[in-house]
Amino acid sequence: MADYLVRGLAFDGSIRVFAVDSTETVGEAQKRHKMWPTATAAVGRLMTGGVMLGAMLKGDDKVVLKIDGGGPLGPVLVDSNANGGVRGYAKNPQTHLDLNAKGKLDVGGAVGTDGMLSVIKDLGMRDFFTGQSPIVSGEIAEDLTYYFAVSEQVPSSVGLGVLVDTDNSVLAAGGFIVQVMPNAEEEAISKLENRLASIEPVSKMIQRGLSPEAILNEIFGGDNVEILDRMPVKFECNCSKERFAEGIMGLGAEEIGQIIDEEGKAETQCHFCLETYNYSKEELEAMIDELQA
Ligand code: ZN
């Protein structure tokens, strides 16, 4: 089934909720970057969280998430939008560590804990929101929970899970974000805390094949959640030959002339989707003409 996200309200509107099945989306990133399991879990969790942060935006707004903890995986970068598109990569996609003490993929060890989680929201008209919080465990869900608390002052609970098969492909990926609104009553908050303390880890729910709606039902009990809308989710990269051409033109006529002299052509590759774009000598000369016009 194609990936999708649901957005809703719980306990009479005092809590807002998001849940997503991101299995194919994370699977696409794994295939493109030939990621090893620990890398897949880290990138997949940040993409799953990122697409839900994207769903909190409107119109053409975008959000970039970066976690850089000094671990062997290197920085992980994800960007997403309000329309369910998300892309992501890690500097070292072929990273895999031994399982941690709990027998789980050691995402925290791969990401590292010496650094920050950054969230940059591009709200259009040159309006940016930048938030940062120190990495707590490098396990991503915990780091996002902490980010919401300290940087956006929204008490939240984040669950993210990615299951990797023995052939390195993605078996299942998904997650939830639950946020307490300012109008929430103490009673609703304590009910929520009780539910969250008693549910199984999101990775187990994913393994059982639960849909986004079913994950929310596990958390709140069926009668307490109202689903407001559903949105398809997919791996999406907005790179293009034209966009990279603008980057090359930014080098200036002199440097492009040097590339023509030395290489006779140019090649660029998108970090997010690994698509490569080639520019012939003629295309590079046309750029110089345009710059000098
Ligand atoms: Zn791309």
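# A tour of two sheets, a helix pair and a zinc site

Start with helix α2, which lies across β1, β2, β8 and β9 and runs at about 140 degrees to β8. The model on screen is predicted.

**The sheet of 5 strands.** Keep α2 visible and select the strands in the order β8-β9-β2-β1-β10, which make up an open sheet of 5 strands with antiparallel pairing. Which strands stand at the edges? They are β8 (156-164) and β10 (225-232); each has a single partner strand, so one side of each is left without a neighbour in the sheet. Look along the sheet: from one strand to the next the twist averages 10 degrees.

Now select β1 (residues 4-10) together with β10. These two run antiparallel and are joined by 7 bridges. To see a bridge pair, pick Gly8, whose partner in β10 is Ile227.

Next, add helix α1, residues 23-33. Helix α1 lies across β2 (15-21), β8 and β9 (170-180), and its direction is at about 125 degrees to β9.

**The sheet of 6 strands.** Return to α2 and select residues 37-54, the full helix. Which other strands does α2 lie across? They are β3 (62-68), β4 (76-81), β5 (85-90), β6 and β11, and the helix runs at about 30 degrees to β4.

Show the open sheet of 6 strands, in the order β7-β6-β3-β4-β5-β11; its pairing is mixed. The edge strands here are β7 (128-134) and β11 (234-235), each of which pairs on one side only.

Zoom in on β6, residues 116-122, which is antiparallel to β7 and joined to it by 7 bridges. Within β6 and β7, select Ile120 and Thr130: Ile120 stands opposite Thr130 in β7.

**A pair of helices.** Hide the sheets and select α5 (residues 186-198) and α7 (residues 212-220). Their axes come within 8 Å and cross at roughly 115 degrees. Helices α5 and α7 are therefore roughly perpendicular to each other.

Show side chains where the two helices meet. From α5 come Leu192, Arg195 and Leu196; from α7 come Asn217, Glu218, Ile219 and Phe220. What kinds of residue make up this contact? There are 4 nonpolar, 1 polar and 2 charged.

**The zinc site.** Finally, select the zinc ion. Its donors are the SG atoms of Cys237, Cys239, Cys270 and Cys273, at 2.2 to 2.3 Å. Trace the chain through these residues, and the donors follow the spacing C-x1-C-x30-C-x2-C.

Two of the cysteines show how the site links distant parts of the chain: Cys239 is in the loop between β11 and α8 (241-249), while Cys273 is in the loop between β12 (266-269) and β13 (276-279), 34 residues apart.

What is the geometry of the site? With angles of 102 to 115 degrees among the 4 donor atoms, the site is tetrahedral. For comparison, the ideal angle for four tetrahedral donors is 109.5 degrees.

Definitions and conventions
Residues numbered from 1 in each chain as written. Predicted model: local features only at pLDDT ≥ 70, side-chain atom pairs only at ≥ 80, totals over all residues. Heavy atoms only, no water. Pairing = 2+ DSSP bridges. Helix = DSSP H or I, 4+ residues; strand = E, 2+ residues; numbered from the N terminus. Contact = heavy atoms within 4.5 Å. Axes fitted to C-alpha atoms, helices over the stretch in contact; angles between N-to-C directions. Parallel < 35°, antiparallel > 145°, perpendicular 65-115°, else oblique. Nonpolar A, V, L, I, M, F, W, Y, C, P; charged D, E, K, R; others polar. Donors = N, O, S within 2.8 Å, 3.2 Å for Na, K, Ca; no water. Tetrahedral: all angles 85-135°; square planar, octahedral: opposite > 155°, others 65-115°.
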